[in-house]
Amino acid sequence: MPAIASVPPDILKRILELNGWSILDEGKYNWIMVRNGAPLSIPRKGRLVSLPVLDACLITAEIAPGDYFEALEQIGHKI
């Protein structure tokens, strides 16, 4: 399995949406997403989400690496 790579913020948002997260609120610099009452703040600006932030988001969202790559394939995003 390839290593997890940084993605643009809108791709991270779409990955989360595919895994049951929805936007609760949005600001100039971030989206607040929610699933089952649990909030998650993700960046909205920037070219790529940094690996530490991406990793923290995936862990908080309980998205396994295999599910991450499957979502990227569904979206049609190439790393």
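Accessible areas are taken here from the Shrake-Rupley method with a 1.4 Å probe. On that basis, the accessible surface of the chain in this predicted model comes to about 4,800 Å². Carbon and sulfur atoms account for 53% of that surface.

The overall architecture is a good place to start. The chain holds 3 helices and 3 strands, and reading along the sequence gives the order α-β-β-β-α-α. The C-alpha trace spans about 35 × 25 × 20 Å along its principal axes. For 79 residues, a compact globule would be expected to have a radius of gyration near 12 Å, and the chain agrees with this, at 12 Å. Of these 79 residues, 30% count as buried. Contacts between residues at least 6 apart in sequence were also examined, and 50% of them join residues at least 24 apart. As for charge, the chain carries 8 positive and 9 negative side chains, with the centres of the two sets 10 Å apart.

Helix α2, which covers residues 51–60, offers a helpful view of how one element is packed. Its buried residues are Leu54, Cys57 and Leu58. Seen down the axis of α2, these buried residues fall within an arc of 95 degrees, so they line one face of the helix. The face turned away from that buried side carries the exposed residues Pro52 and Ile59. What lies over the buried residues of α2? The cover includes helix α1 (9–18), strand β3 (38–43) and helix α3 (65–75). Just after α2, the backbone has a feature worth a look on the model: Glu62 takes a positive phi of about 60 degrees.

Helix α1, already met as part of the cover of α2, is also the place of Lys13. Is this lysine, Lys13, buried or exposed? A residue counts as buried when its relative accessible area is under 20%. Lys13 has 16% relative accessibility and therefore counts as buried. Which residues does Lys13 touch, leaving aside those up to four places away in sequence? Its contacts are Ile23, Trp31, Met33 and Ile42. Ile42 falls within strand β3 (38–43), another element that takes part in covering the buried residues of α2.

Technical notes:
Residues are numbered from 1 along each chain as its sequence is written. This is a predicted model: local features need pLDDT of at least 70, side-chain atom pairs count only at pLDDT 80 or more; totals for chains, interfaces and linings use all residues. Side-chain values use heavy atoms; hydrogens and water are left out. Helices (H or I, at least four residues) and strands (E, at least two) are DSSP runs, numbered from the N terminus. The radius of gyration is taken over C-alpha atoms; the globule rule is 2.2 Å times the number of residues to the power 0.38. Buried means under 20% relative accessible area, exposed over 50%, partly exposed in between (1.4 Å probe, protein chains only). Contact means heavy atoms within 4.5 Å. Lys and Arg count as positive and Asp and Glu as negative; His and the chain ends are not counted. The place of a charge is taken as NZ of Lys, CZ of Arg, CG of Asp or CD of Glu. The arc is that of the directions from the helix axis to the C-beta atoms.
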